[in-house]
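Hi,

Here is the structure I promised to send over. Have a look at it first, and my notes on what turned up follow underneath.

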Amino acid sequence: MKIKKEDKKKKKMIIRLLLWGLFLGIALVLLIVGINLYMVLKEKSRVLSVDEVSDIQADCILVLGAGIREDGSPTWMLEDRIKIGDWLYQQGCASKIIMSGDHGREEHDEVNTMKNYAVAEGVPSEDIFMDHAGFETYDSLYRAKEIFGAKKIIIVTQEYHLYRALYIADMLGLEAYGVPSDLRFYSKKMAYWKFREYLARVKSFGKCIYKPEPKYLGEPIDLSVSGDVTNDK
């Protein structure tokens, strides 16, 4: 009888643990879905087409990095972000562009790739600033405000990424508008990237509550001077 009672207790304990696990799993899923829906719905009205943004006179156009190939050329995703950023500049939406990306290693230099591409497209070098420490979206937005002194910006990136960027900008006190740069089909991995973005939105939601400083800040850079002050080559 004693053995049977102990078995019953163990079974009850296992059932309780399974139920708690199920409850926590459902709660986690609801939290992720809720934060994603909130972020998208909150920022949806700030996602504009290239035509709708033409009348916005921003301090700068912020082009977010998206990786480079082994030969140093931009990925398709990054190339399209640069193209849209260049087009907005040519339309007079802002007189300056900030190319913000990862330049944490000498062999991985997104920002010079971005600037060189834009210069080849006809954008004057002095109107392009490079943010060498845009290691993640939060850093890029934080530094756009605190280092470059921007208050009103146009963010350029693919639409799935744009909602998070706009939310971070909003939480940091920036007046921000976003223009999607989806000019083509990028990869079969797009579903995986969108799934990662769901989780990244949750991380950014928490980060925007505490608003920590990025690892790297530095001296302020006035957007009224030549962007060549950010050149390192």
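The buried residues of α3 are covered by, among others, β1, α2 (76-90), β2 (97-100) and β3. Buried here means under 20% relative accessible area, exposed means over 50%, and partly exposed is in between (1.4 Å probe, protein chains only). Helices (H or I, at least four residues) and strands (E, at least two) are DSSP runs, numbered from the N terminus. Helix α3 covers residues 110-120, and eight of its 11 residues are buried, so it is largely enclosed by the rest of the structure. The buried ones are Glu110, Val111, Asn112, Thr113, Met114, Lys115, Tyr117 and Ala118.

Before you read on: this is a predicted model, in which local features need pLDDT of at least 70 and side-chain atom pairs count only at pLDDT 80 or more, while totals for chains, interfaces and linings use all residues. Residues are numbered from 1 along each chain as its sequence is written, and side-chain values use heavy atoms, with hydrogens and water left out.

Back to α3 and its two ends. Asp109 caps the N-terminal end, with a side-chain oxygen 3.4 Å from the backbone nitrogen of Val111. After the helix comes Gly122, which has a positive phi near 105°.

Now the cores. A nonpolar core is a set of buried Ala, Val, Leu, Ile, Met, Phe, Trp, Tyr and Cys residues joined through side-chain atoms within 4.5 Å. The largest one has 29 residues, and the members that touch the most others are Leu62, Ile98, Leu141, Ile153, Ile155 and Leu223. At least two residues of this core come from each of α1 (2-43), β1 (60-64), α4 (137-146), β4 (152-157) and α5 (159-171). Which of these gives the largest share? That is α5, with seven residues. There is also a second, separate core of 25 residues, and Ile68, Met114, Val123 and Tyr177 are among them.

Ile98 is a good place to zoom in. Leaving aside neighbours within four places in sequence, Ile98 is in contact (heavy atoms within 4.5 Å) with Cys60, Ile61, Leu62, Val63, Phe129, Asp131, Phe148 and Leu223.

One of those partners, Phe129, sits in strand β3 (residues 128-131). Phe129 is buried, with a relative accessible area of 0%. Its C-alpha is 9.7 Å from that of Val225, although the two residues are 96 apart in sequence.

Thr230, in the segment after α6, also touches Phe129, along with Ile128, Met130, His132, Phe148 and Ile221, not counting residues up to four places away in sequence. Thr230 is buried too, at 5% relative accessible area. A polar atom of the Thr230 side chain lies 2.7 Å from the backbone oxygen of Gly227.

Is Ser140, in helix α4, buried or exposed? Ser140 is buried, with a relative accessible area of 2%. Its side chain makes a polar contact with the side chain of Ser100 (2.7 Å). A polar contact is a pair of N or O atoms within 3.5 Å; within protein, one must be able to donate a hydrogen and the other to accept it, and residues adjacent in sequence count only if both atoms are side-chain atoms. Beyond four places in sequence, Ser140 is in contact with Leu62, Leu64, Ser100, Asp131 and Gly134.

Next, a helix pair. The axes of α5 and α6 (residues 190-210) come within 9 Å and cross at roughly 10°. Axes are lines fitted to C-alpha atoms, for helices over the stretch in contact, and angles run from 0 to 180 degrees between N-to-C directions. That crossing makes α5 roughly parallel to α6, a label for angles under 35 degrees (over 145 is roughly antiparallel, 65 to 115 roughly perpendicular and the rest oblique). On the α5 side the contact includes Tyr160, His161 and Tyr163, and on the α6 side Met190, Trp193 and Lys194.

Two partly exposed residues to finish. Lys211, in the segment after α6, has a positive phi of about 50° although it is not a glycine. Most residues other than glycine have a negative phi. Lys211 is partly exposed, at 37% relative accessibility. Trp76, in helix α2, is partly exposed at 42%. Trp76 touches Arg69, Arg184, Phe185 and Tyr186, not counting residues up to four places away in sequence. Trp76 and Phe185 are 109 residues apart in sequence, with their C-alpha atoms 9.2 Å apart.

Cheers
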